[in-house]
Amino acid sequence: MKMLATEEYWEFCRRFPLRPIRSERELKEALAIVDELIVEPKRSRDASAYLEVLSGLIEKYEQAHHSIPDVTEAEMLAHLIETKQVTQRVVAEGTGLKESAISDLLAGRRRFNRNHIERLARFFHVTPDIFFTNSPPK
């Protein structure tokens, strides 16, 4: 089945064409679009596809030009909360986790488990993989 891109997809491509990133300025522009798309609670299929490809281009550029240290699960959760501009209470209500559990996860008093990661990934509309790091827990 042939799928045609929507006007929304072409608008993203006009804002930032899907081609290799070659400068810090282009990286900054690409990251701004990712930040915009990642907080959308329900992205269209085209917006999700664009985000996936653009994220790959960003990753390739950053691997070549930036050393990005691993972050802990707690640091990633804090970043997602800040990016989405929500409170711990909103995250708790949206995930079905207790607010105290969210607080403990953020403070490192509790380890993330599969249930936490799956619920948080669904709430923030991200892949669970972002919570997995190569560094040992602190």
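**Entry 1: Glu-36**

I began with Glu-36 and located this residue in helix α2, which covers residues 24-38. The model I am reading is a predicted one. I then asked whether Glu-36 is buried or exposed. Glu-36 counts as partly exposed, because its relative accessibility is 36%, and the partly exposed class lies between the limits of 20% and 50%. I looked up its contacts, leaving aside neighbours within four places in sequence, and found Phe-12 and Arg-15. I also checked Glu-36 against Glu-118: 82 residues separate the two in sequence, and their C-alpha atoms are 22 Å apart in space.

**Entry 2: the fold as a whole**

I next turned to the chain that holds helix α2. I noted 7 helices and 0 strands in the protein chain. Read along the sequence, the pattern is α-α-α-α-α-α-α. The C-alpha trace spans about 45 × 35 × 30 Å along its principal axes. I recorded that 32% of the 138 residues count as buried. For contacts between residues at least 6 apart in sequence, I noted that 61% join residues at least 24 apart.

**Entry 3: surface and charge**

I looked up the accessible surface of the protein chain, which comes to about 9,400 Å². Carbon and sulfur atoms account for 52% of that surface. I then asked how many positive and negative charges the chain has, and how far apart their mean positions are. There are 21 positive and 22 negative charges, and their mean positions are 4 Å apart.

**Entry 4: Pro-20**

I moved to the loop between α1 (7-15) and α2, where Pro-20 lies. Pro-20 has a relative accessible area of 42% and is therefore partly exposed. Which residues does Pro-20 contact, leaving aside its neighbours within four places in sequence? I found Glu-26 and Leu-57. Leu-57 is 37 residues from Pro-20 in sequence, while the C-alpha atoms of the two are 6.0 Å apart in space.

**Entry 5: Lys-42**

I followed the chain to the loop between α2 and α3 (45-65), where Lys-42 is found. Lys-42 has a relative accessible area of 76%, so I entered this residue as exposed, the cut-off for that class being over 50%. I also looked up the separation of Lys-42 from Phe-12: the two are 30 residues apart along the chain, and 16 Å separates their C-alpha atoms. Phe-12 had already appeared in my notes as a contact of Glu-36.

**Entry 6: two residues with positive phi**

I then looked at backbone angles. Most residues other than glycine have a negative phi. Gln-85 is not a glycine, yet I read a positive phi of about 55° for this residue. Gln-85 has its place in the loop between α4 and α5 (88-95). Because its relative accessibility is 71%, Gln-85 counts as exposed.

His-125 is likewise not a glycine, and I read a positive phi of about 60° there. Where is His-125 found? I placed His-125 in the segment after α7 (114-124). With a relative accessible area of 31%, His-125 is partly exposed.

**Entry 7: the cavity**

Last, I searched for enclosed space. Rolling a probe the size of a water molecule over the atoms shows where empty space is left. I found 1 cavity of 30 Å³ or more in the structure. The largest cavity has a volume of about 50 Å³. Which residues line the largest cavity? I listed Ile-38, Val-39, Leu-80, Thr-83, Lys-84, Phe-124 and Val-126. Helix α4 (residues 73-84) supplies the largest share of this lining, with 3 residues. Gln-85, entered above for its positive phi, lies in the loop between α4 and α5. Ile-38 is one of the lining residues, and residue 38 ends helix α2, the helix in which I began with Glu-36.

Definitions and conventions:
Residues numbered from 1 in each chain as written. Predicted model: local features only at pLDDT ≥ 70, side-chain atom pairs only at ≥ 80, totals over all residues. Heavy atoms only, no water. Helix = DSSP H or I, 4+ residues; strand = E, 2+ residues; numbered from the N terminus. Buried < 20%, exposed > 50% of the residue type's maximum accessible area, 1.4 Å probe, protein only. Contact = heavy atoms within 4.5 Å. Areas by Shrake-Rupley, 256 points an atom, 1.4 Å probe, with all protein chains shown as cover. Lys, Arg positive; Asp, Glu negative; His and termini not counted. Charge placed at Lys NZ, Arg CZ, Asp CG, Glu CD. 1 Å grid on protein atoms, 1.4 Å probe; cavity = no way out; pocket = protein on both sides within 12 Å on 5 of 7 lines; lining within 4 Å. Points joined across faces, edges and corners; volume = space filled by probe spheres on them.
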